[in-house]
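Student: I have a structure to look at and I'm new to it. Can we go through it chain by chain?
Tutor: Yes, ask as you go.

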Amino acid sequence: MAEAHSALWGLVEEFVVGEQDSRSAEVAAGVKDGIFTVLQVVEALGSCLANPEPRSRAKGMQLLSRVLLECYSRLTEKEVEVLVLFYENRLKDHHLITPHVLKGLMALSMCDVLPQGLAVSVLKSVFQEVHVQSLMQIDRHTVYMIITNFMKTREEELKSLGADFTYGFIQVMDGEKDPRNLLVAFHIVQDIITKNYALGPFVEELFEVTSCYFPIDFTPPPNDPHGITREHLIVGLRAVLVSTSRFAEFFLPLLIEKMDSDVQSAKLDSLQTLIACCTVYGQKDLKEFLSGLWSSIRREVFQTASEKIEAEGLAALQALSACLSRSILSPDAEDLLDSFLNSILQDCKHHLCEPDMKLVWPSAKLLQAAAGGSSRACWKVTANVLPLLLEQYNQHAQSSHRRTILEMTLGFLKLQSRWLDEEDDNGLGNLKEALCTMVFSAVTDSSTQLHQVAVRTLTVLAMQQGFLSSSDIDLVVDHLTRLILQETDSESCMAAIEASGTLAKVHPSVFISRMLPQLCANLQTEPMDINLNESRVVPERFIRQRCLEALAAVSTHQSILKETVPILLDYIGRVHNGEGETNAENVVSICRSLHRVAVQCQLDSEALQFYHEIVLPSLLSLTVQAATQDSGTSCNVLLRDDVLTAMVPVITAACTHLTPELASKSVSQVVALFLDGDVSLFSENNLPSNFQPFQVNGPTELQNHLVSLLMAFVCSLPRNVEIPHLRRLLQHLLSLSLSGCSPFAYSSASKCFAGLINKCPQGDLLDDILQVTAQRIDVGLVDEPSRTRAITLLVWVTKALVLRYHPLSGQLTNKMIGLLSDKQLGPSVANMFSLLVSDSPDIINKACHADIRIMFRQRFFTENVPKLVQGFNSANRDDKPNYLKALSHVLNALPKQVLMPELPSLLSLLLEALSCPDKVVQLSTLTCLEPLLQEAPETLKVHIDGLISKLVSLTLSPAMAVRITALKCILALTKLPLHMLLPYKQQVIRALAKPLDDKKRLVRKEAVETRCQWFLLGSPGS
Amino acid sequence: MVGGSQLENANPLIYRRAGERQVTAQEEDEDAPDRIDDREIFDLIRCINDPEHPLTLEELNVVEEIRVKVSDEESTVSVEFTPTIPHCSMATLIGLSIKVKLLRSLPERFKVDVHITPGTHASEHAVNKQLADKERVAAALENSHLLEVVNQCLSGRSSA
Amino acid sequence: MKDTLTLLSRVSAHPDSRCWFLAWNPSGTLLASCGGDRTIRIWGKDGDNWVCKSVLGEGHQRTVRKVSWSPCGNYLASASFDATTCIWMKKKEEFECITTLEGHENEVKSVAWAPSGSLLATCSRDKSVWVWEVDEEEEYECVSVLNSHTQDVKHVVWHPNQELLASASYDDSVKLYREEEDDWVCCATLEGHTSTVWSLAFDQTGEQLATCSDDKTVRIWRQLGTGEQGSKSDPNWKCVCTLTGYHTRTVYDVNWNHLTGAIATACGDDAVRIFEEDPGSDPLQPTFSLTAHMPRAHTQDVNCVTWHPKEPNLLASCSDDGEMAFWRYQKPE
């Protein structure tokens, strides 16, 4: 014990006199370990604390406070009591000592065992003895922390101080300048208000002491280590200012004043803060200031120089309207919402009628913002405005004016429909006739510019259940049908198709009875008939296209689907039978429509089941018939590559969401069809049974092409669906991959094989088949003609395995990298790297439930980029471009975040790739560079010279895409720090004069944008 | 020249913007040259901001496609612009912005003439003469205040 | 007219900028150029090539619009948009700015040294023409501010052997000034051009003056009546010929060859043209013919043409494209 005692004295001595700073930690450790107590420390400090020299006393207090900060949680209640009294007393001491005393008090403020009443006592002493704003920033921060700590744990005690606490704090923070402290202080004020501390007579003072910072004007110093932004302070202060409606009478005049200032940021902050206020303030708080607020907002919207301010102004008006709508009306009180809206209507309504349309849009926007506040506001505004707009529509004959009026009407109707849920009667009943007359007249107007708006307006009206009569709905559908079939303006036609899609969900039967027959008739019309009809202005080819799009668009409801899908299939059937036009383009369009329908119904199980049961067998049946018919005739349209390719997504979309039951049933039928020619899938039994899609080198070779449909089906099924006869199927596919004649057949087989391998569970089957595959690829690679097939299979299998992290993937990738030096295959292998890393559009993607590990690209990158770089370095000159091309494909597919850290090591290689004459390499490298250019100024610094001259020379490349992307890169450079760019400004501007005269408009467009941006660099006003 | 806080024409007429030019198949064809046409020139200037309003020259109808004439073969461009009011003191500045935008955006072979639409401004001749004087234009662009205003007219909102 | 103007060489004089003006020193050994890059460059011949001997980059803050050599060839004056005129002294190969003349309110557009070497004239967008006197200590003193023009003054030139000064202006007129009882006065106003007069040049005798304008014409003026030195009555200048229909855009410069009498023009249509008086034409109604036309002499506006002071058929031109070009003129047979 005595030993410990003398050790303590020794440590204290060394700290105070010997100035050995680390001794305080040793003392604290001693207290923590129970070797001595805090009171013993005080005792040991005794002489020092009584020293006449304030510096020595400060040193003593510093030691004690440091110990307390380490050990406050171990103190007993008694110790705390003694220490608090001691510390309070020390506050009266010399100012040199105060910072250390405050540190100690902060430690004590964190003690759970602080006896009742002492918190108040500490605060009283601090308020009384310390002039906070004359302290250093860090010490002021300590005071705020003491207060914060007490507010957290001693709320009741502090509240017993009444308004004195608030007043004390006001004095503490008055004059605070440091952003770090302000953030804490704002938080304290917010707590004072929201936790209902007594404000007493000090509401205005509390407002003054905080609102003097509004609006926040703060720019963080460069390289600020604290990371406090202007935004932090704005949010902190705003929380204070909007925390109580008791501030309203002081704050609203200030807000109006700041809104009227010339400083854009002040306007913006004021408007945003006003919006926040509206959630807290009530009618009576706003009452006096409504006219001032309104005129400021109106001015901003009418005259603002910035869209951002206009948007905030409108949002503020909506917030005001919502706030006024919220208050409960007492019978005798004035309805402020009503009078507020009246003044808005008074100021804006007449602008809507001015024949020359002055300020028409700003006024409409203001009225719509006000109407957006509540259903009551909406009702009031629309009841006033809509009759006026209807009247105006009739008074203006010019189409452009009418269009504007109609667009405004549409805006108000949309608002109406938004509030419809809350109010059954939409209040438009008496306007219905007039509205219908206006819209129906607009949709038939001779000027097409009205049609598009009219269609959108009709949609809004017809979406309101029960508003339009059934005969009106019939008329709407008839108009839409007419626009789809006859409209010359393609945008209006697209709008009509879109509207049909929306409305078909609500009124399916009307569409079935009125629109479908017309579309159907138009699809079935023979070209000859159409030529006789001279009045038609839209070419027949477009009409057919539009009908198909419309059929797809309206197929949003299963009842319509059951009508439309057979129409589409029937059309394909007629093509197959040689009736109608045997035009591949039409069949491709139909497949696109069928695909769209499939996507729309994926989530509707009934529709999906119907789709699956009808579409899948029909397509297979038609194509199998086509493929098994006498092959002497010319190739059937349905077997063309492009047609089959268009069918793939139709089947895929129908299968990805199948239930396991449905899927299992179909999969066995489909596999049986392909493996054994078993046609039980089809209901009609007139099919020949000579379907042998895996047979190579025979008269049935065209049947090979149908493997693409097998692929669409089996590769898109959920992973838990078991594929029957998988081994046999895989073997057939493998054979076809390596021996098929047409590229379409063998690449479909390779893809199908890869799609199945990707999902195939781990196990013997997979191991066996992969072993065989690897051998056969090796054999295939030896000689033509099988090399191209082998490489196709290799890339697809590699992809399938890379995605699922299969151990064999590394070996296969190495094989591909090795082939980059192959004289004959090198260039095409290089291109295939793009296929390896990019998303596959048809199969082996997420939608098809492929086994894709997250971050597979990153992993591929990490494992293979070093190999590619090394391969590049050691390759001979002719082969180098292959490595660069492969590399740029890999980099191009990577997310920017992954690429950034690697950029320094890769940049010089990328620059070399830019000099490679291969335009694919150039384009791919440029595309990869563009998003990175503005991100890494430090890395680019050393290369900027070479980079700029290479990019500039690529703006004259023979390939248009290269020129465009090079210009985009030069544009991206403008985001770099100015000092890096200015030395090159004149040179770049001069060099970009040439692409301004490019023969291609798209290049000129980029050149203009890029050059104009470079002109602005370092120039005033930019 | 600017800086007066009072707007001369506080309530201008606002016109609808033309849509983005649709890209045609020919424009995507590597080999087919696309001539510089009136619409292309119009697209260069329609998004210039008015110095006073938060609106583009197109929205104020100060520039219109029919008042743009270009001959790619002869390397000449002529643009007429229509000030919103006949006494608009911003006319020279607007004209200067149009001229600068065209000088920065067109191949150097082009001769660019910018005029006021005949009969639409009180000082038509004086403004036209100033805009045609390349020495004055060059000197104006070395004046950082003027350059600032011009750059603001040219940078502002995106063209979309 | 075939091959009457042959390109000798082309030099990128002010890259990334425009070249505004060229001036030969009196002996023709050096050529000074100035431009939008704020510099003046001095060019000399090295074998067959024109090479840059020095760059005077520190004197001006803005475009250097024109330069003028003193008759002794030891001084160069430069006029700039920065409202100042600098006087440079030649010290062997180097040039040093010895004085900066301030006083104009804004852009100085032209400067010209009188044949005596003791007078200097400047003009500016501030509508004024200033005459400066140089004493032996190389002190420059403004002796007169002439406010006769109502608009910018674009160019000033001195009579080749009299103290007669001519100025061209944005107000479409040309004015002549002479000293009268210790003060400078405007003694004649030449009206006829319908737009800005950009430049003007005296012939070798000083009896004729050629002016060029934004109205796409060149006019020839002749001094009639008693133009004798010391005469009290003002000389009477009359337009005796208008060359119209040749230029398709603004004519920016005109230069009269003092050795051969050929007139060269610089035009905004990128062309350089040469005109010669028809043999035997009436001096009071002279006729001129276009003897050479180089349509794409430069890729952009031609700003200046200037004949070599000693070699009769050597012409230099410069352009907005930043280049200067040297031409050999062969009079057609």
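Student: How many helices and strands does chain C have?
Tutor: Chain C has 28 strands and zero helices. Helices (H or I, at least four residues) and strands (E, at least two) are DSSP runs, numbered from the N terminus.

Student: Is this a predicted model, and how are things numbered?
Tutor: It is a predicted model: local features need pLDDT of at least 70, side-chain atom pairs count only at pLDDT 80 or more, and totals for chains, interfaces and linings use all residues. Residues are numbered from 1 along each chain as its sequence is written, while chains are lettered from A and ligands numbered from 1 in the order in which they are written.

Student: What does strand 8 of chain C pair with?
Tutor: Strand 8 (residues 85–91) is joined to strand 7 (residues 75–80) by five bridges, and the two run antiparallel. Strand 8 also pairs with strand 9 (residues 94–101), again antiparallel, over seven bridges. Two strands pair if DSSP finds at least two bridges between them.

Student: Which residue stands opposite Leu76(C)?
Tutor: Trp88(C), in strand 8 of chain C. In strand 9, Phe95(C) is the bridge partner of Lys90(C).

Student: And what about the turns?
Tutor: The hairpin of strands 7 and 8 of chain C has four residues between the strands, and Ala83(C) there takes a positive phi near 80°. In the hairpin of strands 8 and 9, with two residues between the strands, Lys92(C) has a positive phi near 55°.

Student: How much of chain C is buried?
Tutor: Of its 333 residues, 51% are buried. A residue is buried if 20 or more other C-beta atoms lie within 10 Å of its own, exposed if 12 or fewer, and partly exposed in between, with C-beta atoms placed from the backbone.

Student: Switching to chain A: what is it built from?
Tutor: Chain A has 52 helices and zero strands. Of its 1022 residues, 46% count as buried.

Student: Now chain B. Where is helix 3, and how far does it reach?
Tutor: Helix 3 of chain B covers residues 91–105 and reaches 21 Å from its first C-alpha to its last, close to the expected 21 Å (1.5 Å times one less than its number of residues).

Student: Why is helix 3 of chain B largely enclosed?
Tutor: Because twelve of its 15 residues are buried, helix 3 of chain B is largely enclosed by the rest of the structure. Among them are Leu93(B), Ile94(B) and Ser105(B).
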